[in-house]
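Me: I would like to learn how to read the features of a protein model step by step, with the general idea stated before each case. Could you take me through the structure shown here?

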Amino acid sequence: MMSSVAATSASAAIAAPKAGDDIVVEAVDVHKWFGTSKVLDGVSLSVRRGETVVIIGPSGSGKTTFVRCLNHLETIQQGVIRVNGHFIGYRLRNGKMVPDRPRNIARQRRDVGMVFQRFNLFAHMTALENIIEAPIRVRRIARDEAVATARALLARVGLGGRENAYPAQLSGGQQQRVAIARALAMRPAVMLFDEPTSALDPEMVGEVLAVIRELAQDGMTMIVVTHEMEFAREVADRVVVMDKGAIIDSGTPHHIFLDSRHPRLRAFLAKTRFQAAS
Amino acid sequence: MSFDWSFFWQYLLEPSSVYLNGLLLTVVLSVVSQLFGTALGLAAALARLSTLRPLQMAARFYIWVMRGTPLLVQIVFIYTGLAAANILRFHDAHLGFLLIAGNVQAGILALSLNEGAYMAEIIRAGIASVDHGQAEAASSLGMTRGLLMRRIVLPQALRLIIPPLGNQFNIMLKNSTLVSIIGVPELLLITETINSATFRTFELYTVVGLYFLTLTTLWGLAQRGIEARFAAPSPESAGAVAVRPRRFALRNLINAGSQ
């Protein structure tokens with residue numbers, strides 16, 4: 001059922017992307033149900049190389065679910081997702097989208113870095129081991145090279161001296177910075193951030209946002225789900241607002257935070273700290 | 001009550017070579033069966049967690065049968081039953097200079113198969129206890145299921161598997177006496193043999209009980225040491241020192257299990 005539904009509405013999107021348009025992430029008409037409740041209702045989003053897209057919206061609006069679909073941590077029931085021109089999670093067979101083989105899905109995920117709300121560092125490995133694990137085992141990079149890269153990345157996220165620390169010995173903010181370094185070590189085409197500061201104590205939010213801000217300045221392609229409105233306004237090239245499983249508005253931070261007259265957006269922003277700050 | 005103290009002390013403190021061979025066989029049977037059983041349990045646990053339905057069902061069936069029938073019945077079934085039905089006969093085998101009797105092979109097979117079912121449930125519970133976020137993070141880095149199981153989930157599950165594994169080995173030491181029913185000359189059968197010649201039942205069974213108590217006590221001490229090594233790294237503990245031997249030991253255990 002899933003594949004045939006996906007085929008009908010996706011046919012328009014199946015055509016290969018035009019050369020030179022430099023789209024890294026492309027989601028077309030993505031639908032998802034959890035049982036009988038619809039959590040994604042026709043979400044479409046294209047992200048260009050080097051672009052920072054920030055997704056905001058009330059809890060339960062589907063923004064986390066959408067980002068998790070982009071590396072197939074969640075299945076979708078309709079629509080198409082492409083990263084770097086490759087379908088994610090599904091493949092074409094006889095004109096229909098069918099679930100891809102686990103091995104192919106694993107291969108596709110190499111190019112999609114993900115940072116989780118709860119860090120999810122490997123608890124039995126040091127910071128350095130966390131970072132070199134996938135480059136060595138998945139990308140088959142020589143250990144020396146992986147270690148050198150990992151050290152550089154740790155220095156970049158401000159944790160140069162902590163390479164032998166275990167996750168339990170690091171603060172939340174430090175753990176999240178290691179997690180960012182771990183994702184970067186795979187040299188992904190795009191970085192996904194799923195509420196990267198929501199599980200942090202307030203005093204640690206800044207250090208993590210600073211790292212993400214720097215990545216944006218360095219031209220990393222990123223999709224960031226966050227509740228930090230100030231941050232969204234500051235780093236986003238484009239802000240996307242989701243509500244009830246759909247994108248209700250998107251545009252420059254200026255448009256979203258100051259110009260948009262969308263009633264549900266205004267109601268949402270009124271409830272956040274941003275309103276008081278602006 | 002007549003208790004022959006000198007007989008008791010003699011058998012306790014100056015056991016004959018036959019008796020010591022029985023003791024050795026008890027230990028070897030237990031260790032080998034525990035190793036095979038643990039490897040089998042790991043395979044069955046992974047099969048149960050597999051997405052392949054036939055594999056899942058096979059593992060369920062195996063666990064169901066092995067946990068649902070008496071070990072003593074399994075031992076006799078495998079050695080005597082299969083031979084009587086002309087399905088499988090265990091012959092003595094030469095491994096280099098080592099002679100492994102047919103009934104010892106059957107005994108090890110039965111103990112291992114039985115142990116595997118219990119270990120499967122223990123390992124499955126250990127795997128299930130590892131935070132799902134660990135597997136998600138590994139998948140998001142492009143790890144295949146096999147790789148993330150081996151590198152990320154199992155090493156963390158081990159900490160929860162070790163204590164019940166120790167407990168299982170304690171049970172294994174005692175359950176190994178059951179293979180005396182098919183004539184394996186382990187400690188209990190040797191005791192029975194001596195008993196039939198001397199009729200010093202009270203003394204002999206006290207001695208054999210004390211031998212088992214010593215074995216399980218020694219194991220209990222070893223177990224405490226092993227568990228301390230595998231304890232969770234606390235934020236205060238200096239990671240490098242406390243954790244290195246832990247990972248080293250893990251490698252040994254996995255290597256041993258897969259042999």
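The dialogue below takes up strands, cores, salt bridges and the interface in turn.

Me: What should I know about the source and the numbering before I begin?

Reply: This is a predicted model, in which local features need pLDDT of at least 70 and side-chain atom pairs count only at pLDDT 80 or more, while totals for chains, interfaces and linings use all residues. Residues are numbered from 1 along each chain as its sequence is written, chains are lettered from A and ligands numbered from 1 in the order in which they are written, and side-chain values use heavy atoms, with hydrogens and water left out.

Me: How do I read the surroundings of a strand, for example those of strand E3 of chain A?

Reply: In a regular strand the side chains alternate between the two faces of the sheet. Helices (H or I, at least four residues) and strands (E, at least two) are DSSP runs numbered from the N terminus, and a residue is called buried under 20% relative accessible area, exposed over 50% and partly exposed in between, with a 1.4 Å probe and protein chains only. In strand E3 (residues 52-56) of chain A, five of the five residues are buried, so the strand is largely enclosed by the rest of the structure. A:Thr52, A:Val54 and A:Ile56 are buried on one side, and A:Val53 and A:Ile55 are buried on the other, so that both faces are covered.

Me: Which strands pair with E3(A), and in what sense?

Reply: Two strands are taken to pair if DSSP finds at least two bridges between them. E3(A) pairs in the parallel sense with strand E10 (residues 222-225) of chain A over four bridges, and there A:Val53 has A:Ile223 as its bridge partner. Four bridges also join E3(A) to strand E11 (residues 238-243) of chain A, again running parallel, with A:Val241 as the bridge partner of A:Ile56.

Me: What is the make-up of chain B?

Reply: Chain B has ten helices and two strands, and from the N terminus on its elements run α-α-α-α-β-β-α-α-α-α-α-α. Of its 259 residues, 46% count as buried. With contact taken as heavy atoms within 4.5 Å, 73% of the contacts in chain B between residues at least 6 apart in sequence join residues at least 24 apart.

Me: Which residues have the most contacts inside the largest nonpolar core?

Reply: In soluble globular proteins, nonpolar side chains tend to be buried together. A nonpolar core is here a set of buried Ala, Val, Leu, Ile, Met, Phe, Trp, Tyr and Cys residues joined through side-chain atoms within 4.5 Å. The largest one has 61 residues, and those with the most contacts inside it are A:Ile55, A:Phe66 and B:Met143. Helix H7 (residues 145-175) of chain B gives the most to this core, with eleven residues. Leaving aside neighbours within four places in sequence, A:Phe66 is in contact with A:Ala27, A:Leu40, A:Val43, A:Leu45, A:Ile55 and A:Met242. A second, separate core of 53 residues includes A:Leu159, A:Ala179, A:Val224 and A:Phe268.

Me: How many salt bridges are there over all chains?

Reply: Side chains of opposite charge can pair when their charged atoms come close. With a salt bridge defined as a side-chain nitrogen of Lys or Arg within 4 Å of a carboxyl oxygen of Asp or Glu, the count comes to 22 over all chains. One of them joins A:Asp243 to A:Arg264, with the closest N and O atoms 2.9 Å apart. A:Asp243 lies in strand E11 of chain A and A:Arg264 in helix H10 (residues 263-271) of chain A, so the pair ties together parts that are 21 residues apart in sequence. A:Asp243 counts as buried at 11% relative accessibility, whereas A:Arg264 is partly exposed, with a relative accessible area of 38%.

Me: Are the partners B:Arg48 and B:Glu121 buried or exposed?

Reply: Both B:Arg48 and B:Glu121 are buried. They form a salt bridge whose closest N and O atoms are 3.5 Å apart. B:Arg48 lies in helix H2 (residues 17-48) of chain B and B:Glu121 in helix H5 (residues 102-129) of chain B, so this pair ties together parts that are 73 residues apart in sequence.

Me: How many residues of each chain are in contact at the interface of chain B and chain A?

Reply: Here 28 residues of chain B are in contact with 27 residues of chain A. Buried area is the accessible area (1.4 Å probe) that two parts lose on being put together, summed over both, and for these two chains it is about 2,300 Å², with 57% on carbon and sulfur atoms. B:Ser140, B:Leu141 and B:Arg151 supply 26% of the area that chain B buries against chain A, more than any other three residues. The rule finds two salt bridges across the interface, and B:Arg151 forms a salt bridge with A:Glu133, with the closest N and O atoms 2.6 Å apart.
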